[in-house]
Amino acid sequence: MPAAPVVIALDIGGTKLAGGVLTTEPRLLHRRERPTRAAEGVAISLGEVYRLLEDLCEAARGSGTLTGVGVCAPGPLDPSTGVVFNPTNMPGWVNVPLAEEIERRAGVSCRVENDANGAGLGEALYGAGRGHSSVFYATLNTGIGAGLILAGRVYHGQHGAAAEGGHVSIDYHSPVICNCGSPGCIEALASGTALARRARQAFGRPTSPEDLARAAASGDVLAARLIEETGEMLGAWLGSVISLLDPSIVVLGGGVSRIGDPLFAKIRQTAPQRTVNPFAAEIPIVPAQLGPDVGIFGAAAVILTAAQS
């Protein structure tokens, strides 16, 4: 009886590399992690990626027949060629032919996708977006990444640069300038970085989203106000997203989303008030389900859907 097909999934982050061997269902059989060591330069960080790949190839050989490798990586990148251009959190990664090199080393096809797109695809197929024809996904972390999944496929746009939702401005007169250079981007105002900055100003110490949620639940008025302000900004942003896209569901992941019910309640209250879409209140706005393994399942989704096309 022939061995069952398996795939390797790699999730490349600026701090941590995570990877796994999965069945085509997909079911996670093996999971591995390594530090990215991005600050030490491209040769070191790419070496870590290839060492993780080698480890996973060894695990795959004992689990089935390896049929492909999927990768979620920081953009900008070209998903059609698998070339990573110049991500801000990966020094020296300039025009890296990642898919080509992984194919040479693993001996199977490789597909590389922007990390937010890949995570969105994972949530659409295996997580909170299952059963929905159009999914808008956003991860609220250090920055805000987004992905648009239509009929089980990532929408890339004409040049592969679609769904950069974090760089939609909700206040173009804002004194807060985003890293992209524009004022008032939602990433600059409501990302984990922005929330941490405002919390430090309020409390005089580092405060995590979970800490804020616990403080608000205990009656801390200042913590509750920070959560409400963040939810209102995200709701205003998503109101515009809903006006533009009319998705069947909105899925939010990342560290800020772990504030939970108080944040989501404010987002759900605000979004329908900030859109022309008369059906906005019927569009679910829900937490992501795949947790810390979203990048692994997203990378698996990238290679598995490529094999089906």
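This report walks through two sheets, the helices packed beside one of them, a pocket and a buried loop residue in a predicted model.

**The five-stranded sheet**

Let's start with the sheet that has 5 strands. It is open, its strands come in the order 11-10-9-12-13, and the pairing is mixed. Strand 11 (153–154) and strand 13 (285–287) stand at the edges with a single partner strand each, so one side of each has no neighbour in the sheet. If you're new to sheets, here is the basic idea: strands pair through backbone hydrogen bonds, either parallel or antiparallel.

You can follow the pairing strand by strand. Strand 9 and strand 10 make a hairpin, with 3 residues between them. These two strands run antiparallel and are joined by 7 bridges. One pair to look for is Val-135, whose bridge partner in strand 10 is Ile-149.

Strand 10 also pairs with strand 11, again antiparallel, through 2 bridges. Here Leu-150 has Arg-153 in strand 11 as its bridge partner. The hairpin of strand 10 and strand 11 has 2 residues between the strands, and in it Ala-151 takes a positive phi near 50 degrees. Is strand 10 mostly covered or mostly open? It is mostly covered, with 6 of its 7 residues buried.

At the other end of the order, strand 12 (residues 249–253) and strand 13 run parallel, joined by 3 bridges. Look there for Leu-252, which sits opposite Pro-287 in strand 13.

Helix 7 (residues 221–245) packs on this sheet, where it touches strand 9 (134–140), strand 10 (144–150), strand 12 and strand 13. The direction of helix 7 makes about 155 degrees with that of strand 9. Helix 8 (residues 261–270) lies across strand 12 and strand 13, and runs at about 165 degrees to strand 13.

Here are the three strand pairs described above, side by side.

| Strand pair | Direction | Bridges |
|---|---|---|
| strand 9 and strand 10 | antiparallel | 7 bridges |
| strand 10 and strand 11 | antiparallel | 2 bridges |
| strand 12 and strand 13 | parallel | 3 bridges |

**The three-stranded sheet**

There is also an open sheet of 3 strands, in the order 5-6-7, with antiparallel pairing. Its edge strands are strand 5 (77–78) and strand 7 (96–97), and each of them pairs on one side only. Between strand 5 and strand 6 (residues 83–84) there are 2 bridges. In this pairing, Asp-78 stands opposite Val-83 in strand 6.

**A pocket**

Now for the second largest pocket, which has a volume of about 240 Å³. Which residues are closest to its centre? Of the 13 that line it, they are Arg-111, Glu-113, His-156, Val-302 and Thr-305. Strand 8 (110–114), strand 11 and helix 9 (294–308) each give two or more residues to the lining. So an edge strand of the five-stranded sheet turns up here too: strand 11. By type, the lining has 6 nonpolar, 4 polar and 3 charged residues.

**A buried aspartate**

Finally, find Asp-293 in the loop between strand 13 and helix 9. Is Asp-293 buried or exposed? Its relative accessible area is 17%, and buried means under 20%, so Asp-293 counts as buried. Leaving aside residues up to four places away in sequence, Asp-293 touches Leu-28 and Arg-31. Val-251 is 42 residues from Asp-293 along the chain, and their C-alpha atoms are separated by 16 Å.

Technical notes
Residues numbered from 1 in each chain as written. Predicted model: local features only at pLDDT ≥ 70, side-chain atom pairs only at ≥ 80, totals over all residues. Heavy atoms only, no water. Pairing = 2+ DSSP bridges. Helix = DSSP H or I, 4+ residues; strand = E, 2+ residues; numbered from the N terminus. Contact = heavy atoms within 4.5 Å. Axes fitted to C-alpha atoms, helices over the stretch in contact; angles between N-to-C directions. 1 Å grid on protein atoms, 1.4 Å probe; cavity = no way out; pocket = protein on both sides within 12 Å on 5 of 7 lines; lining within 4 Å. Points joined across faces, edges and corners; volume = space filled by probe spheres on them. Nonpolar A, V, L, I, M, F, W, Y, C, P; charged D, E, K, R; others polar. Buried < 20%, exposed > 50% of the residue type's maximum accessible area, 1.4 Å probe, protein only.
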